Amino acid sequence: MSKDLSYDAVMARNGEIMKEALGFDFEQFESGSIAFDYEGLMDAVPYTFDEIRDYQLAHGVGNTPLLELRNLTALARSCAPEGKGARIFVKDESCNVSGSYKARRASTSIQHAKAKGYKGVIAATSGNYGAGVASQACMSNLKCIIVQECYDSREVGQPEIIEKARACESLGAEVAQLTVGPELFYYNLVLLEETGFFNASLYSPLAIAGVETLGYEIAEECKEKYGKYPEVVVATNAGGGNLTGTARGLKRAGATDTQIVGASVDLSGLHMASDEQFNKKSFTTGHTGFGIPFATYPDRSDVPRSAARPMRYIDRYLTVNQGSVFYITELLAQLEGMERGPAGNTSLAVAFKVAQELPEDAIVVSQETEYTGAGKHILPQLTFAKENGIDVRVGDPTTEKEIPGKNIILPEHPSKVFATDLDVKKTRKSVIKNAVKHHKVDVVNKKDLDFLAKEVNSDVEFVKNALDELGIKYEG
Ligand SMILES: Cc1ncc(COP(=O)(O)O)c(C=O)c1O
């Protein structure tokens, strides 16, 4: 008898389908409450760090250049107080085979799918990850399906997402292009069940382990060439895997004192699931619309427990306005001869600001770039924004607040690049609040307290204070 494909029936089979499609039993790491064994989950990746690294190097991934941006550093110094202006570096992740760091995130899943005898892989993503999976699958002779949320209900697509669909298809993947809405997850499940393919989830421990090589390389190269680990590494943050994997890799290499800074484009006020607002944003990732919800409740992903948990590592989190990221993109091209895509330039805009606070001998690394061209480029993006009623102009985003969905303010001078700190303490409290809410606990037990302290990169005292404020009881 054929299976019931109604929405409710498929969603009810979620756990079963995912278990089959990942070959991973998440249950063994559960405590029955808020806490789970995160490090145990990461250790369950059946490949050593060196095996992952060797596999990546054999498949066009990793060993990307770490470049010093001397002209951008000089410009930052010209805007900074006397004696300030750290050296700015960028890890040129566009040199990965699929044009972004997402090749690292994809490679370990493909390594595993191949080893376990799956015939193909499926990934639900509208981003660079699709190209990463398609490219790695292609090299390993696996079939590949990418499920994308691509259009609004008029079937108008954001230029960057359309470009990413093109890239996946050109790499041999079949691309299922959907309109905005809850169908994405449903359709992904149907395809996984029908094909028996591997779920190359962005959020599995395999994916995050693949990104660790990125942080490791940064630490290793800085130490070797400059005699120290970087003072600051800035990572663009959306679903949190980029930052999590990079931070874990830095720590694995010994860079335990490096400050980890998250960076997201400020899209506050725009609703990601809104059909009407879908095409009002000029950035399709690395923005607060993903960054905040995923940071404060990481398990909203497509696996029972996400391995991407950025608040475990974030020391500081800044947002930047859209116009400032476009502006930095131009600066990178015109001062450094590097034409690169939007997500990496989000962290670069923040690195440009943070460098101005630090002494000249400090090192700030923007940890990635991505390829650009077609719909990823500034020109189609700004044209599309104008077509969607956005007022694009030059001004001062430090005094006039850019309103996402209404205007884009390109800074009139490098000193007007705008990035501002999010209240990390507040974000940590939201992590605690959401964890308690989703697990429906009345009293937080001792194990949960320790777990939550790690979840928010703080201590048990902080968790207890937050719980007191929320009026939630705890043991001990
Ligand atoms: C090039 C690039 N950088 C950064 C990010 C953000 O990564 P994450 O979603 O893991 O935070 C993405 C995700 O789409 C990306 O494609």
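The questions and answers below go through the fold, the charges and a few single residues of this chain.

The structure is a predicted model, in which local features need pLDDT of at least 70 and side-chain atom pairs count only at pLDDT 80 or more, while totals for chains, interfaces and linings use all residues. Residues are numbered from 1 along each chain as its sequence is written, and side-chain values use heavy atoms, with hydrogens and water left out.

User: How many helices and strands does the chain have?

Analyst: Helices (H or I, at least four residues) and strands (E, at least two) are taken as DSSP runs and numbered from the N terminus. Counted in this way, the secondary structure of the chain comes to 18 helices and 15 strands.

User: What radius of gyration does the chain have, beside that of a compact globule?

Analyst: The radius of gyration is taken over C-alpha atoms, and the globule rule is 2.2 Å times the number of residues to the power 0.38. The C-alpha atoms fill a box of roughly 70 × 55 × 45 Å along the principal axes. For 476 residues a compact globule would have a radius near 23 Å, and the chain agrees with this, having 21 Å.

User: What percentage of the residues in the chain is buried?

Analyst: A residue is called buried under 20% relative accessible area, exposed over 50%, and partly exposed in between (1.4 Å probe, protein chains only). The accessible surface of the chain, from the Shrake-Rupley method with a 1.4 Å probe, comes to about 18400 Å², with 49% of it belonging to carbon and sulfur atoms. Among the 476 residues of the chain, the buried part makes up 62%.

User: Among contacts between residues at least 6 apart in sequence, what percentage joins residues at least 24 apart?

Analyst: A contact here means heavy atoms within 4.5 Å. Taking the contacts between residues at least 6 apart in sequence, the part that joins residues at least 24 apart is 76%.

User: How many Å apart are the centres of the positive and negative side chains?

Analyst: Lys and Arg count as positive and Asp and Glu as negative, whereas His and the chain ends are not counted. Each charge is placed at NZ of Lys, CZ of Arg, CG of Asp or CD of Glu. With 52 positive and 65 negative side chains in the chain, the centres of the two sets lie apart by 2 Å.

User: Which residue forms a salt bridge with arginine 87?

Analyst: A salt bridge is a side-chain nitrogen of Lys or Arg within 4 Å of a carboxyl oxygen of Asp or Glu, and by this rule the count comes to 33. Arginine 87, in strand β2 (residues 87-91), is linked with a residue in strand β1 (residues 66-68) that is 19 residues apart from it. Arginine 87 is partly exposed at 24% relative accessible area, while its partner is buried at 16%. With the closest N and O atoms 2.8 Å apart, that partner is glutamate 68.

User: Which residue pairs with glutamate 160 in a salt bridge?

Analyst: Glutamate 160 and its partner are both buried, and their closest N and O atoms are 3.9 Å apart. Glutamate 160 lies in helix α8 (residues 159-170) and the partner in the loop between β10 (363-366) and α15 (378-387), so the pair ties together parts that are 216 residues apart in sequence. The partner is lysine 376.

User: Which residues are joined with Asp299 and Arg305 into one network?

Analyst: Aspartate 299 and arginine 305 form a salt bridge with the closest N and O atoms 3.1 Å apart, and both of these residues are buried. Salt bridges that share partners join this pair into one network with Glu30, Arg309, Arg312 and Glu455.

User: Where does glutamate 155, with its positive phi, have its place?

Analyst: Phi of glutamate 155 is near 65°, which is a positive value in a residue other than glycine. Glutamate 155 is exposed, with a relative accessible area of 59%. Its place is in the loop between β4 (143-151) and α8.

User: Which residues does tyrosine 226 touch, not counting those up to four places away in sequence?

Analyst: Tyrosine 226 lies in helix α10 (residues 205-226) and is partly exposed, with a relative accessible area of 26%. Tyrosine 226 and isoleucine 363 are 137 residues apart in sequence, yet 9.2 Å apart in space, C-alpha to C-alpha. The residues that tyrosine 226 touches are Arg87, Phe89, Glu221 and Ile363.
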